[in-house]
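Welcome to a short set of exercises on reading a protein model. Please keep the sequence and the 3D view open while you work through them.

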Amino acid sequence: FVTSNGDAGAGTFREAVITANSNPLITHIESQLLSPGNIVTLLTPVDVTRTELLTITGNPVVPFILTNDATFGPSPANRHYLLGLIGGGGHVVIDDMVELRTAAAAEPVHAMLGTGGSNPIELAGTITTNADNANGIHFLGGNNILDISGNIETSGSAASAIDVNTGNNDVTVSGAIGVTGDFSAGINLNGGGNTVALAAGGTI
């Protein structure tokens, strides 16, 4: 359970992910935070390194919001993101009471980053980014499966809702994707064999 809105330490989201990474029997991370303390401001990225399914859920009546501090970064290359699937095979479900909300920082901050292999993501919640070059979901290689039943919105310039670089990626959208910045794309696929399906009710 997430009982603290701090960046690190007992009861925090970061500590819950670290524990789940080392214990495959943990299948859910649930926020018990109540408003106005339901926003977690991260100082550095949080990485999911396990291969087993992990579901992140909010309080049934209060959304669980992850965001970043204005001093977030600079950090090593490709490390500007809130939540990462690192090492390949990480399967993450973001439920409908969870929001990843990136804010302006020293470097553009993606909401999610996937690297190193096949990373299924099921997004029923919300992703919002408002900085230039800050993508909603950013993949670097691998064969990734994205099921978007929630919402992704970007408002910065050159900020795509979904940005994929190489690999064979399957994207299904039954939710809503919106981009308002110049030179931005709802779904930007660079190389590889990719498929995109717009399911019933989906909008891009």
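A residue is called buried under 20% relative accessible area, exposed over 50%, and partly exposed in between. One more thing before we start: this is a predicted model.

**Exercise 1. Backbone oddities in the loops**

Task: Classify A158 and F183 as buried, partly exposed or exposed, and describe the phi angle of each.

Solution:
- Step 1. Locate A158 in the loop that links β14 (151-154) to β15 (162-165).
- Step 2. Read its phi: A158 is not a glycine, yet the angle is positive, at about 55 degrees.
- Step 3. Apply the cut-offs: A158 has 30% relative accessibility, so it counts as partly exposed.
- Step 4. Turn to F183, in the loop between β17 (176-179) and β18 (187-190). Its phi is also positive, near 60 degrees, in a residue other than glycine.
- Step 5. The relative accessible area of F183 is 76%, and therefore F183 is exposed.

Task: Which peptide bond is cis, from S35 to P36, and where does P36 lie?

Solution:
- Step 1. Check omega for the bond from S35 to P36: it is near 5 degrees, which is the cis form.
- Step 2. Place P36 in the loop between β1 and β2 (39-42).
- Step 3. Set this in context: most peptide bonds are trans, and most residues other than glycine have a negative phi.

**Exercise 2. The open sheet**

Task: Work out the strand order of the open sheet and explain why β1 and β19 stand at the edges.

Solution:
- Step 1. Follow the seven strands in the order β1-β4-β7-β10-β13-β16-β19; the pairing is parallel.
- Step 2. Look at the two ends. β1 (28-30) and β19 each have a single partner strand, so one side of each has no neighbour in the sheet.
- Step 3. Add the twist, which averages 10 degrees from one strand to the next.
- Step 4. Zoom in on β1 and β4 (residues 53-57), which pair in the parallel sense over three bridges. Within this pair, I29 has I56 in β4 as its bridge partner.
- Step 5. Find the helix: α1 (residues 13-21) lies across β1 and β4 and runs at about 170 degrees to β1.

**Exercise 3. A nonpolar patch**

Task: Which residues form a nonpolar patch on the surface, and how is V196 placed?

Solution:
- Step 1. Collect the members: L189, V196, L198 and I204, with about 360 Å² of accessible area together.
- Step 2. Assign V196 to strand β19 (residues 195-198).
- Step 3. V196 has a relative accessible area of 45%, so it is partly exposed.

**Exercise 4. Salt bridges**

Task: How many salt bridges does a search of the whole structure find? For each pair, give the distance and the burial of the partners.

Solution:
- Step 1. The search finds three.
- Step 2. R14 and D7 meet at 2.7 Å, N to O, and both residues are buried.
- Step 3. In the pair of E99 and R101, the N to O distance is 3.0 Å. E99 is buried because its relative accessible area is 15%, while R101, at 33%, counts as partly exposed.
- Step 4. For E52 and R50, the closest N and O atoms are 3.9 Å apart, and the cut-off is within 4 Å. E52 has 33% relative accessibility and so counts as partly exposed, whereas R50, at 3%, is buried.

Notes
Residues numbered from 1 in each chain as written. Predicted model: local features only at pLDDT ≥ 70, side-chain atom pairs only at ≥ 80, totals over all residues. Heavy atoms only, no water. Patch = residues over 30% accessible without salt bridge, like charges linked within 9 Å, V, L, I, M, F, W, Y side chains within 5 Å. Areas by Shrake-Rupley, 256 points an atom, 1.4 Å probe, with all protein chains shown as cover. Salt bridge = Lys/Arg side-chain N within 4 Å of Asp/Glu carboxyl O. Helix = DSSP H or I, 4+ residues; strand = E, 2+ residues; numbered from the N terminus. Buried < 20%, exposed > 50% of the residue type's maximum accessible area, 1.4 Å probe, protein only. Pairing = 2+ DSSP bridges. Axes fitted to C-alpha atoms, helices over the stretch in contact; angles between N-to-C directions. Contact = heavy atoms within 4.5 Å.
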